[in-house]
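Trainee: Got a minute? I'd like to go through this one with you before I write it up.

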Amino acid sequence: LPLGKAPSSFFLSSQAKMSRPVQAQRLEGVDKNLWVEYVKLAATYAKVNLGQGFPDFPPPDFLKEAFTRVVRGEDHTVHQYTRAFGHPPLVKMLAQLYGKLLGQDLDPMSNVMVTVGAYQALFCCIQAFVDKGDEVVIIEPFFDCYEPMVRMAGGTPVFIPLRPKAPKDGKLMSSADWQLDPAELASKFSERTKALVLNSPNNPLGKVYSRAELELIADLCMKHDALCISDEVYEWLIYDGRENVRIATLPGMWDRTVTIGSAGKTFNVTGWKVGWTVGPNQLLQHVRTMHQNSVYHCATPTQEVVAQGFQRELEHYGKPDSYFIQLPRELQQKRDQLIQSLVAVGMKPVVPEGTYFLVADISEFKSEVPDVPNSDKPYDSRFANWMLKNKGLAAIPLSTFYCEAHKNNYSNFIRFCFAKEDATLKAAEDILQKWKLEKAGP
């Protein structure tokens with residue numbers, strides 16, 4: 001080439017480089033996800049993983065048998081597209097079941113929509129209802145996706161914490177001891193409030209909201225003309241005879257509530273990613289618009305299998321052999337087993353009323369794992385990392401489930417998942433017993 005000349009490809013490659021930001025503005029500040037870091041750490045160090053919330057035991061036999069029938073059957077249509085808003089057999093079963101639970105005459109085609117897990121149901125609801133400038137009340141501690149989903153929609157999260165009250169007579173704290181302050185909750189509502197996200201039973205605490213608590217929330221939603229996005233994925237996992245009140249059944253709330261459910265939590269098939277929304281058509285029509293312009297369609301075979309699972313449960317509804325009755329009994333025993341193991345090592349569990357999680361107070365361990373003033377990480381986060389690397393036991397810091405401004409206010413707790421095989425819980429117990437002996441010394 002003559003001196004000073006460059007090939008045209010040089011100029012083309014220079015021009016091809018982007019000089020302006022590539023990512024959409026709505027992604028700013030929501031790009032990090034704690035589970036990516038956690039899964040990597042757990043895979044490296046964990047001997048026993050009681051952190052991430054999934055069962056390590058199989059789904060019920062009747063569901064596995066249904067799966068085999070569907071996959072091997074002669075009906076080849078189950079391997080093709082089905083109705084975009086939900087496989088007809090599944091929405092029919094869901095309409096029958098939730099008609100009973102919510103006291104409504106539900107139309108399968110307009111009052112029920114199937115999604116790719118409850119996660120997509122949440123995303124579609126928030127995108128469908130929340131606009132720029134809208135405020136969304138989020139109760140802390142909260143499942144971590146609520147905040148970024150609201151921000152991505154252009155909304156502003158408004159946080160209100162459940163505040164723990166010390167139990168009397170030296171008893172273990174219960175998740176019921178974590179309560180909303182009525183005046184504080186009322187102060188979070190304004191003319192800009194578009195919705196409140198409710199999670200009952202609550203992840204991570206296992207709190208099951210009482211009727212009185214739900215009536216307080218319902219009154220504020222009606223007073224301020226706000227919607228309620230009710231995440232009820234742990235609806236069947238309730239213990240000690242506790243009543244599960246569904247907010248959509250309260251006076252005035254059906255028309256302003258979307259209820260979200262999950263086959264993953266209902267049948268122990270989190271990998272199937274089958275979820276749903278139930279609500280009035282005037283709300284679900286907008287959720288359907290979001291759905292049809294994102295995933296459009298959910299997997300047909302798993303919807304067919306879940307439909308058969310619900311058909312079986314409707315036939316056994318309220319009977320002793322119902323899986324919805326058997327599963328919480330089994331999980332309550334696992335809960336109590338883990339509580340005993342944690343108490344033995346010096347932790348103070350908060351007894352959950354529902355879900356398959358419990359949190360434990362780790363305040364007594366600050367002599368073993370000292371606090372670091374002005375640290376950029378909350379104490380529970382550093383403790384969980386220490387426990388994982390030094391003891392091989394994985395748990396999740398409770399501060400993960402709080403907004404940035406509040407993380408250090410509730411940093412003396414970690415969350416465990418007890419939906420595990422007995423052998424897994426026994427392995428955790430062995431780690432804790434060894435730890436107890438080490439603490440006691442020679």
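Mentor: Sure, let's take the sheet, then a helix, then a couple of loop residues; keep in mind that this is a predicted model.

Trainee: Okay, what's the strand order in the open sheet of seven strands?

Mentor: The order is β2-β10-β9-β8-β7-β3-β4, and the pairing is mixed. The edges are β2 (112–116) and β4 (156–161); each has a single partner strand, so one side of each has no neighbour in the sheet. From one strand to the next, the twist averages 25°.

Trainee: How do β3 and β4 run, parallel or antiparallel?

Mentor: Parallel, with six bridges joining β3 (residues 135–140) to β4. If you want a pair to look at, Ile139 has Ile160 in β4 as its bridge partner.

Trainee: And which strands does α8 touch?

Mentor: Helix α8 (residues 211–223) packs on the sheet and touches β3, β7 (193–199) and β8 (227–231). The direction of α8 makes about 165° with that of β7.

Trainee: Let's go to the other edge. How many bridges join β2 to β10?

Mentor: Five, and those two strands run antiparallel. Met113 is bridged to Thr277 in β10, and Val116 is bridged to Val274.

Trainee: What about β9 and β10, how many bridges there?

Mentor: Four, with β9 (residues 257–262) and β10 pairing in the antiparallel sense. Ile260 has Thr277 as its partner in β10, and Thr277 is also the partner of Met113.

Trainee: Why is β10 described as largely enclosed?

Mentor: Because five of its five residues are buried, β10 is largely enclosed by the rest of the structure. Both faces are covered: on one side you have Val274, Trp276 and Val278, and on the other Gly275 and Thr277.

Trainee: β2 is at an edge, though. How many of its residues are buried?

Mentor: Four of its five, so to speak "mostly covered". An edge position in the sheet leaves one side of β2 without a neighbouring strand, but α11 packs buried residues against β2.

Trainee: Good, tell me about α11. How far does α11 reach?

Mentor: Helix α11 (residues 300–315) has 16 residues and reaches 23 Å from first C-alpha to last, close to the 22 Å expected. Its buried residues include Val305, Val306, Phe310 and Leu314, along with Glu304 and Glu313. Besides β2, the buried residues of α11 pack against α3 (61–72), α4 (88–102), α9 (263–267), β10 (274–278) and α12 (323–345).

Trainee: Switching to loops: is Ser175 buried or exposed?

Mentor: Buried, at a relative accessible area of 0%. Ser175 sits in the loop between β5 (163–164) and β6 (178–179). A polar atom of the Ser175 side chain lies 3.2 Å from the backbone oxygen of Gly206. Contacts beyond its sequence neighbours include Leu205, Lys207, Val350 and Pro352.

Trainee: And where does Ala46 lie?

Mentor: In the loop between α2 (34–45) and β1 (48–49). Ala46 counts as partly exposed, because its relative accessibility is 25%. Leaving aside neighbours within four places in sequence, Ala46 contacts Leu41, Leu388, Gly392 and Ala394.

Trainee: Last one: which residues does the UniProt domain annotation cover?

Mentor: Residues 47–427, as "Aminotransferase class I/classII large", and that comes from an unreviewed entry. Over that range the chain is 37% helix and 17% strand, with the end C-alpha atoms 8 Å apart.

How values were computed: Residues numbered from 1 in each chain as written. Predicted model: local features only at pLDDT ≥ 70, side-chain atom pairs only at ≥ 80, totals over all residues. Heavy atoms only, no water. Pairing = 2+ DSSP bridges. Axes fitted to C-alpha atoms, helices over the stretch in contact; angles between N-to-C directions. Contact = heavy atoms within 4.5 Å. Buried < 20%, exposed > 50% of the residue type's maximum accessible area, 1.4 Å probe, protein only. Polar contact = N/O pair within 3.5 Å; in protein donor to acceptor, adjacent residues only side chain to side chain. Expected span 1.5 Å × (residues − 1). UniProt positions renumbered as here; feature names shortened; annotations may be inferred.
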